[in-house]
Amino acid sequence: MAASSSLLSPPPLFLPPPPSPSSRSFLFPSSSRSPLPRLLRRTLTLRPSSAAAPRRGGASFAAAAALGKFSEAELVAVPDAAEEVEAAFPSGAGVYGVYDKDGELQFVGVTRNIAASVATHKKALPELCCSVKVGLVDQGAPDRTVLTDAWKSWMEEHISATGKIPPGNETGNNTWVCRPKQKPDLRLTPGRHVELMVPLEALIDKLVKENKVVAFIKGSRSAPQCGFSQRVVGILEAHGADFESVDVLDEEYNYGLRETLKKYSNWPTFPQVFVGGELVGGCDIIASMAEKGELAALLQKQ
């Protein structure tokens with residue numbers, strides 16, 4: 001019996017886990033930041049094409065015909081070495097189908113970095129991740145809706161042809177879903193009763209300028225204390241942002257932060273998100289930018 005494609009929902013955008021910091025005190029910040037590789041490659045696009053059957057040449061990919069034509073995408077072998085994997089696949093956003101050693105489709109995923117996602121799958125599931133079909137979305141920074149539509153297009157084609165949902169996409173199967181470990185929140189001071197050697201405003205300035213993305217939120221990132229903070233954390237995580245979070249309600253280690261930050265940023269409410277040392281805005285602005293694809297474009301510049 002064929003599965004109903006109307007019941008399909010995509011897996012979370014695959015986000016390879018960020019490096020774990022060795023310290024979460026801002027007074028002793030970790031300098032290890034390993035951004036995902038951004039190699040320049042020719043790209044496979046999901047758009048109508050009259051090109052001949054796709055063929056691979058180094059890191060080059062030909063276009064898949066008729067907007068996400070899954071059956072016409074090239075099946076590419078996944079190298080064993082991690083560095084070769086990320087050199088063999090494009091680093092853009094899109095969809096991908098993973099095949100096992102017997103040539104059986106195991107999972108159809110959606111990601112903002114195909115090369116990093118395939119590399120992570122290969123490391124975690126080498127017997128199941130042996131070859132991959134790739135489809136890049138033909139936009140620099142596509143929003144979630146565009147990526148979801150591309151994923152549905154591939155899934156619906158596969159279900160129509162086989163009557164089956166790939167095992168990794170079945171409800172309750174979390175084999176392929178990688179949820180990165182959350183970073184602890186940063187603390188600006190060693191404690192409320194410890195005299196600071198520099199003004200708190202100077203610590204804020206140092207924090208936002210030395211980190212690519214900083215979110216000042218109410219509560220911790222694992223347990224936000226307001227809906228707006230929860231939404232901002234969710235949006236940043238969905239975009240794969242390697243961001244720092246600071247709890248403005250922590251009166252022990254961030255005493256006086258709320259009022260000092262309001263003066264520093266000239267912004268009266270929380271959450272507040274800084275990117276590249278500049279205030280971007282609060283929840284409404286971040287959500288609007290995410291919907292338009294502007295947030296992804298901004299984060300990619302960092």
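**Notes on the aromatic pairs and the four-stranded sheet**

1. Let's start with two rings: F107 and W176 are both buried. Bear in mind throughout that this is a predicted model. The two rings form a stacked aromatic pair, 5.4 Å centre to centre with 5° between the planes. F107 sits in strand 3 (residues 105-111) and W176 in the loop between helix 3 and helix 4 (200-210), so their pairing ties together parts that are 69 residues apart in sequence. Y96 joins in as well: Y96, F107 and W176 make up one aromatic cluster.

2. The count of aromatic pairs comes to five. One of them is F70 with W154, where the ring centres are 4.7 Å apart and the planes stand at 35°, so this pair is tilted. Here F70 belongs to the segment before strand 1 (75-77) and W154 to helix 3 (residues 144-162), so parts 84 residues apart in sequence are tied together. F70 counts as buried at 5% relative accessibility, and W154 is buried too, at 0%.

3. Two arginines are worth a look while you have the rings on screen. R187 lies over the face of Y253, 3.8 Å from the ring centre. R221 does likewise over the face of F243, at 4.0 Å from the ring centre.

4. Now to the sheet. Four strands make an open sheet, ordered 6-5-7-8, with mixed pairing. Strand 6 (244-247) and strand 8 (278-281) are the edge strands; each has a single partner, so one side of each has no neighbour in the sheet. On average, neighbouring strands are turned by 25° against each other, direction ignored.

5. Strand 5 shows both kinds of pairing. With strand 7 (residues 272-275), strand 5 (residues 213-217) pairs in the antiparallel sense over four bridges, and A215 stands opposite V273 there. With strand 6, strand 5 pairs in the parallel sense, again over four bridges; in this case F216 has V246 as its bridge partner. The link between these two parallel strands runs through helix 5 (residues 227-238), and strand 5, helix 5 and strand 6 make a right-handed β-α-β unit.

6. What lies across the sheet? Helix 6 (residues 257-265) lies across strands 5, 6, 7 and 8, running at about 55° to strand 7. Helix 7 (residues 283-292) lies across strand 7 and strand 8, at about 80° to strand 8.

7. One last point on strand 6, which has both faces covered: E244 and V246 on one side, and S245 and D247 on the other, are all buried.

Definitions and conventions. Residues are numbered from 1 along each chain as its sequence is written. This is a predicted model: local features need pLDDT of at least 70, side-chain atom pairs count only at pLDDT 80 or more; totals for chains, interfaces and linings use all residues. Side-chain values use heavy atoms; hydrogens and water are left out. Two strands pair if DSSP finds at least two bridges between them. Axes are lines fitted to C-alpha atoms, for helices over the stretch in contact, and angles run from 0 to 180 degrees between N-to-C directions. Contact means heavy atoms within 4.5 Å. Buried means under 20% relative accessible area, exposed over 50%, partly exposed in between (1.4 Å probe, protein chains only). A crossover is right-handed if, with the strands pointing away from the viewer, the path from the first strand over the helix to the second runs clockwise. Rings of Phe, Tyr and Trp (its six-membered ring) pair if their centres lie within 6.5 Å; planes under 30 degrees apart count as stacked, over 60 as edge-to-face and the rest as tilted. A charge sits over a ring if NZ of Lys or CZ of Arg is within 6 Å of the ring centre and within 35 degrees of the ring normal.
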